[in-house]
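Subject: Structure for you to look at

Dear colleague,

I am handing over the structure below, and would be glad if you could keep it open while you read the notes that follow.

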Amino acid sequence: MSAAVLYTPEVLALAIELARNPLTQDLPHRGEARSASCGSTITLGLATDDEGRLSRIGVRSQACAIGQASAALFVSAAKGRTPQEVEAAGQAVADWLSGKGDLPDWPGLAPIAAARDYPARHGAVLLPWKAAAQALSLHQAEG
């Protein structure tokens, strides 16, 4: 499989979407994740509403296009979700990448589905879910 299959124009367009969600100082919950396989990193800032649902998300990414596209897909569908829903989705993505499940029911994952065939990119795909899990667990520990 060639890199052209992985880095499609759709993936590259998603990567650009992150600019719409900058990491700002007023986002109180922070989480960071790093992919051991490729060195990509992401920092998420999160805010939750009175019911504990994600209300705002900001991203700082130093990741490959797959990691950036995954983060853009995460941001576009995470608002309004509970920490439990985010955790379950992250586990579903990890299971799918490892061959233990089907493509998860998270909106828009199809453009990065080819990354499943590239184990070196699995860590990049999981970055936003891992960073969110860290931010949310720190938030719950504080509360």
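A residue is called buried here when its relative accessible area is under 20%, exposed when it is over 50%, and partly exposed in between. Please keep in mind throughout that the model is a predicted one.

By that criterion, the buried residues of α2 are V11, L14 and A15. Around the helix axis these residues cover an arc of only 105°, and they are therefore placed on the same side of α2. The other side of α2 carries P9 and I16, which are exposed.

Helix α4 can be read in a similar way. This helix runs over residues 83-97, has 15 residues, and reaches 21 Å from its first C-alpha to its last, close to the 21 Å expected at 1.5 Å a residue. Its buried residues are P83, V86, A89, G90, V93, W96 and L97. When one looks down the axis of α4, the buried residues fall within an arc of 150°, so that they line one face of the helix. On the face turned away from this buried side, α4 has the exposed residues Q84 and E87. After α4 comes G99, and the phi of G99 is positive, near 85°.

In helix α3, which spans residues 65-78, I would point you to S70. S70 counts as buried because its relative accessibility is 0%. If its neighbours within four places in sequence are left aside, S70 is in contact with I112, A124, V125, P128 and W129.

Turning to the strands, β1 and β2 run antiparallel and are joined by six bridges. In a regular strand, side chains alternate between the two faces of the sheet. In β1, the covered face consists of H29, G31 and A33, while R30, E32 and R34 make up the uncovered one. H29, on the covered face, stands opposite L46 in β2. The hairpin formed by β1 and β2 has six residues between the strands, and G39 there takes a positive phi near 85°.

Next come the charged pairs. Side chains of opposite charge can pair when their charged atoms come close. How many salt bridges does the structure hold? There are four, and I describe some of them here.

In one of the salt bridges, the side chains of D26 and R56 meet at 3.0 Å, N to O. Because D26 lies in the loop between α2 (9-17) and β1 (29-34), whereas R56 belongs to strand β3 (residues 54-62), the pair ties together parts that are 30 residues apart in sequence. Both partners fall in the intermediate class of accessibility: D26 is partly exposed at 47%, and R56 is partly exposed at 35%.

R53 takes part in further salt bridges, one of them with E51, where the closest N and O atoms are 3.7 Å apart. R53 is partly exposed, at 29% relative accessibility, whereas E51 is exposed, at 66%. R53 also forms a salt bridge with E85, with the closest N and O atoms 3.6 Å apart. This second pair links distant parts of the chain, since R53 is found in the loop between β2 (41-48) and β3 and E85 in helix α4, 32 residues apart. E85 itself has a relative accessible area of 35% and is partly exposed. Through shared partners, the salt bridges join E51, R53 and E85 into one network.

Finally, the cysteines. A disulfide is a covalent bond between the sulfur atoms of two cysteines. How many disulfides does a search of the whole structure find? The search finds zero. Why is C38 not bonded to C64? The sulfur of C64 is the closest cysteine sulfur to that of C38, but it is 4.8 Å away, which is too far for a bond, given that a disulfide requires the two sulfur atoms to be within 2.5 Å. C64, in turn, is in no disulfide, and its nearest cysteine sulfur is that of C38. As for their surroundings, C38 is partly exposed, with a relative accessible area of 29%, while C64 counts as buried at 17%.

With kind regards

Notes:
Residues are numbered from 1 along each chain as its sequence is written. This is a predicted model: local features need pLDDT of at least 70, side-chain atom pairs count only at pLDDT 80 or more; totals for chains, interfaces and linings use all residues. Side-chain values use heavy atoms; hydrogens and water are left out. Helices (H or I, at least four residues) and strands (E, at least two) are DSSP runs, numbered from the N terminus. The expected span of a helix is 1.5 Å times one less than its number of residues. Buried means under 20% relative accessible area, exposed over 50%, partly exposed in between (1.4 Å probe, protein chains only). The arc is that of the directions from the helix axis to the C-beta atoms. Two strands pair if DSSP finds at least two bridges between them. Contact means heavy atoms within 4.5 Å.
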